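Trainee: Could we go through this one together? I would like to start with the empty spaces and then move on to a helix.

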Amino acid sequence: MATIAPFASPLYVMLKPAGSLCNLACKYCYYLEKQKLYPLDKSKVISDELLEEFIKQYIEAQTMPQVLFTWHGGETLMRPISFYKRALELQQRYAHGRQIDNCIQTNGTLLTDEWCEFFKENHFLVGVSIDGPQEFHDEYRRTRLGKPSWRDVMRGIRLLNKHGVEWNALAVINDFNADYPLEFYRFFKEIGCKYIQFTPVVERVVKRADGLTLAPGLQEGGEVTDFSVSAEQWGRFLCTLYDEWVKQDVGEVFVQLFDATLANWVGAAPGICSMSGKCGHAAVMEFNGDVYSCDHFVYPEYRLGNIRQQTLTSLMYSEKQRAFGRIKTDTLPRQCKECRFQFACHGECPKNRFVRDRYGEPGLNYLCAGYHQFFEHVAADMDFMKAELDAKRPPSNIMFKKR
């Protein structure tokens with residue numbers, strides 16, 4: 001019988017322990033509407049029996065000695081600490097000598113001393129969703145009653161710092177905060193955040209028979225939402241923020257997109273799926289065991305199956321998932337193939353590739369012009385940092401060149 005070659009990088013399946021349940025109602029959230037996929041299930045939380053089956057299968061599916069569990073939402077802290085204690089027990093039961101690590105994403109509003117003590121004791125990496133200073137954050141990140149959430153998030157961050165919990169910031173760049181890159185960046189430095197991930201929000205509204213309203217990637221049509229960042233804004237944001245970072249913070253503040261760009265420049269794995277050459281090794285599992293090709297493709301047409309009937313391994317190596325993984329390369333339009341920076345972004349995330357290129361071919365990234373502006377802007381610096389790395393010198397030497 002033919003064997004299946006493992007993924008070149010670790011296999012990831014993010015778990016949604018509370019499905020799409022959340023105590024906030026952020027205007028740009030792409031996941032709240034996923035509750036429409038399961039209208040008959042009121043609980044929206046994973047059972048203990050299914051949690052055990054997932055942990056067992058997930059560890060068995062790995063081809064490397066390190067196993068990373070990623071807990072995602074909705075809001076993950078809507079499950080109690082006892083749930084995660086049980087998860088840790090199950091991880092150790094099925095680890096069989098492997099190293100187990102955990103990261104969890106939260107909006108930060110439900111953090112307490114008890115939560116932070118638990119995260120510290122069990123070495124969780126915590127990702128906190130925060131969109132910058134109060135004015136920027138509260139523009140879209142509000143409660144279901146429309147109340148602002150920034151003060152509660154900052155209280156949570158102070159608790160993480162108090163207990164020495166390792167955390168990073170996960171920020172969404174939208175039509176509002178994209179116009180203030182320096183204020184945005186300096187805020188994170190002021191609060192002592194050394195690791196920043198920012199994601200451009202791009203969503204389109206369409207009418208679907210299944211009740212979902214946001215358009216999946218590659219499907220043309222639909223209107224871009226008013227909170228989406230434009231390609232021009234994205235380009236200006238990246239270039240302006242980069243110019244401040246490269247003069248004084250290389251090696252001190254780690255901006256995921258800048259690190260990924262340099263990685264692609266030197267031919268290394270970028271560490272972020274949107275900038276990778278292929279998709280398909282990172283899926284998501286909902287509370288009921290349904291597995292989908294990607295967190296941004298939780299739609300019926302991208303459902304791979306359910307771990308009650310099929311193993312995670314068979315689902316992740318299925319032809320359907322392999323075909324999904326090929327989308328990134330197979331659908332590149334002519335303009336991308338001709339671009340000298342194709343290696344740097346690989347067309348970025350397929351969910352944003354819904355416009356036509358200059359030749360009229362489909363599949364161009366909505367943010368292409370912004371990315372191209374950024375790559376043009378940083379090309380000389382990236383060449384310099386690549387040369388420093390090749391010479392086994394630190395890329396932070398770029399800061400001396402900038403003085």
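Trainee: Which helix gives the largest share of the lining of the second largest pocket?

Mentor: Keeping in mind that this is a predicted model, the largest share of that lining comes from H13, which supplies 4 residues. Helix H11 (334-338), helix H12 (342-345) and helix H13 (368-390) each supply at least two residues of the lining.

Trainee: And which residues lie nearest the centre of that pocket?

Mentor: The pocket is lined by 15 residues, and Gln335, Cys336, Cys339, Cys368 and His372 lie nearest its centre. By class, the lining has 7 nonpolar, 5 polar and 3 charged residues, and the space in this pocket is about 240 Å³.

Trainee: What about closed spaces, how many cavities of 30 Å³ or more are there?

Mentor: A search of the whole structure finds 2, and the largest cavity holds about 110 Å³ of space. That cavity is lined by 13 residues, with Glu203, Ala215, His296, Tyr299 and Lys351 nearest its centre, and its lining divides into 7 nonpolar, 2 polar and 4 charged residues.

Trainee: Switching to helix H6, which of its residues are buried?

Mentor: In H6, which covers residues 181-190, the buried ones are Pro181, Phe184, Tyr185, Phe187 and Phe188. Seen down the axis of H6, these buried residues fall within an arc of 155°, so they line one face of the helix.

Trainee: What do they pack against?

Mentor: Their partners include helix H4 (134-140), helix H5 (150-162) and strand E5 (167-173). Just after H6, Gly192 takes a positive phi of about 80°.

Definitions and conventions:
Residues numbered from 1 in each chain as written. Predicted model: local features only at pLDDT ≥ 70, side-chain atom pairs only at ≥ 80, totals over all residues. Heavy atoms only, no water. 1 Å grid on protein atoms, 1.4 Å probe; cavity = no way out; pocket = protein on both sides within 12 Å on 5 of 7 lines; lining within 4 Å. Points joined across faces, edges and corners; volume = space filled by probe spheres on them. Nonpolar A, V, L, I, M, F, W, Y, C, P; charged D, E, K, R; others polar. Buried < 20%, exposed > 50% of the residue type's maximum accessible area, 1.4 Å probe, protein only. Arc of directions from axis to C-beta. Contact = heavy atoms within 4.5 Å.
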